[in-house]
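Let's take a walk through this structure together, starting at one residue and working outwards. Have the sequence and the 3D view open as you read.

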Amino acid sequence: MIWNRKHLLDLQSLSAEEIIHLLDTAREFKAVGQRSIKKVPALRGKTVVNLFVEPSTRTRISFELAALRLSADVINFSAEASSLRKGETLKDTARNLEALNADIIILRHGASGAPHFLARFLGAHVLNAGDGAHEHPTQGLLDIFTIREKKGRIAGLNVTILGDILYSRVARSNIWALTKLGANVTLCGPPTLVPKLFESFAPNVRVTWNIDEALRDADVINLLRIQHERQKASMFPSTGEYAALFGLNTARMAKVKPDALIMHPGPINRGVEIASSIADGPQSVILEQVTNGLAVRMAALYLVNGGASLQVAG
Ligand code: CP
């Protein structure tokens, strides 16, 4: 297919065909990463700016490495050391970066819609690296890439997302893309964090507050951290109670399918949403998700830059 999107802002607006094209392109880049020479010249001469106004480990570093593997020049913007601290607006900051010939701006921001806002007036390509509780498209893509690689398909799989759904951009990106690709998505957690409203996203989304029911038939269990930084009120009595009622512990793990994948976008709060032994156990693909994030982000950078003409397969 011909990729004709200038930006990657969300998965809600992508078609199933576009999502598959991104995943297939990422598979090509994963193969490139297994060669002795891992660099390709796709973005040679281009300047990529990592504009992260919220903390990040995985997303920022893998976007940086992805841009370097594509031969781009990369600038890492540190919000704490920037003129944002002196009252400069996001719009002025981005326009100044563009004045320095930034070709691609990767934005992480606490405000939902911030990347869409930049995309309205910038000439540069904009990639969303997580905006508030709205979306985290490359995380959704790397999660689905990992599931597809491990299970060979997405359609018909039962995917449970367990935890703080309400405040999760990862959950939203996963829900939009998984349902378009034909998975059955079950959302589970405390009622205050998993409103029934999510069932209106797609017919193949189900909300349950019964963890045994959510885990029983799951082919994939994606665990989410409690996002205290985004919660405006106390959503449950205590972390201990949350762990007891909704944490994936060894007793619950004994009842899940033996081939169920255990996933987590990170950062993990060990002993809260997941027991340490499960995070490090044989069914966990958490670090493989991180590895696949590099290929997915190479694919995203490559495609938004109009890379359809470059042969990446070796
Ligand atoms: N999964 C994720 O977005 O992790 P970081 O916040 O470390 O980028």
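Is R169 buried or exposed? With a relative accessibility of 6%, R169 counts as buried, where buried means under 20% relative accessible area, exposed means over 50%, and partly exposed is what falls in between (1.4 Å probe, protein chains only). Before going on, a word on ground rules: this is a predicted model, in which local features need pLDDT of at least 70 and side-chain atom pairs count only at pLDDT 80 or more, while totals for chains, interfaces and linings use all residues. Residues are numbered from 1 along each chain as its sequence is written, and side-chain values use heavy atoms, with hydrogens and water left out.

Back to R169, which you'll find in helix α6. Helices (H or I, at least four residues) and strands (E, at least two) are DSSP runs, numbered from the N terminus. The side chain of R169 makes a polar contact with the side chain of E54, at 3.0 Å. A polar contact here is a pair of N or O atoms within 3.5 Å; within protein, one must be able to donate a hydrogen and the other to accept it, and residues adjacent in sequence count only if both atoms are side-chain atoms. Setting aside neighbours within four places in sequence, R169 is in contact with a long list of residues, including R108, H109, D131, H134, Q227 and R230. Contact means heavy atoms within 4.5 Å.

One name on that list is worth a stop: H134. Look for H134 in the loop between β4 (125-131) and α5 (137-151). H134 is partly exposed, because its relative accessible area is 23%. The side chain of H134 makes a polar contact with the side chain of D131, at 2.8 Å. Beyond the neighbours within four places in sequence, H134 is in contact with D10, S112, G113, H116, R169 and R172. For a sense of distance, try F77: H134 and F77 are 57 residues apart in sequence and 22 Å apart in space, C-alpha to C-alpha.

Helix α5 is also where T146 is found. T146 counts as buried, since its relative accessibility is 0%. If you skip residues up to four places away in sequence, T146 touches M263, V285, E288, Q289 and N292. What separates T146 from L166 in space? The two are 20 residues apart along the chain, and their C-alpha atoms are separated by 24 Å.

Now compare that with a pair in another part of the chain. I262 sits in strand β9, and I262 is buried, with a relative accessible area of 0%. I262 and Q283 are 21 residues apart along the chain, and their C-alpha atoms are separated by 5.7 Å. Q283 is one of the residues that I262 touches, not counting those up to four places away in sequence; among the others are I221, L248, I274 and V285.

G163 gives another view of the interior. It lies in the loop between β5 (158-162) and α6 (169-180), and G163 counts as buried at 0% relative accessibility. Leaving out residues up to four places away in sequence, G163 touches C188, G189, P190, L193, V194, L224 and Y242. The C-alpha atoms of G163 and Y242 are separated by 9.2 Å, with their positions 79 residues apart along the chain.

A few spots in the backbone deserve a look too. A cis peptide bond joins G266 and P267, with omega at about -10°; P267 is in the loop between β9 (261-263) and α10 (276-279). S71 has a positive phi of about 75° although it is not a glycine, and S71 lies in the loop between α2 (58-69) and β2 (73-78). N101 has a positive phi as well, about 70°, and is not a glycine either. You'll find N101 in the loop between α3 (90-99) and β3 (104-109), and N101 is exposed, with a relative accessible area of 56%.

Finally, zoom out. The chain has 11 helices and 9 strands, and buried residues make up 55% of its 314 residues. Among contacts between residues at least 6 apart in sequence, 71% join residues at least 24 apart. Along its principal axes, the C-alpha trace spans about 55 × 50 × 35 Å.
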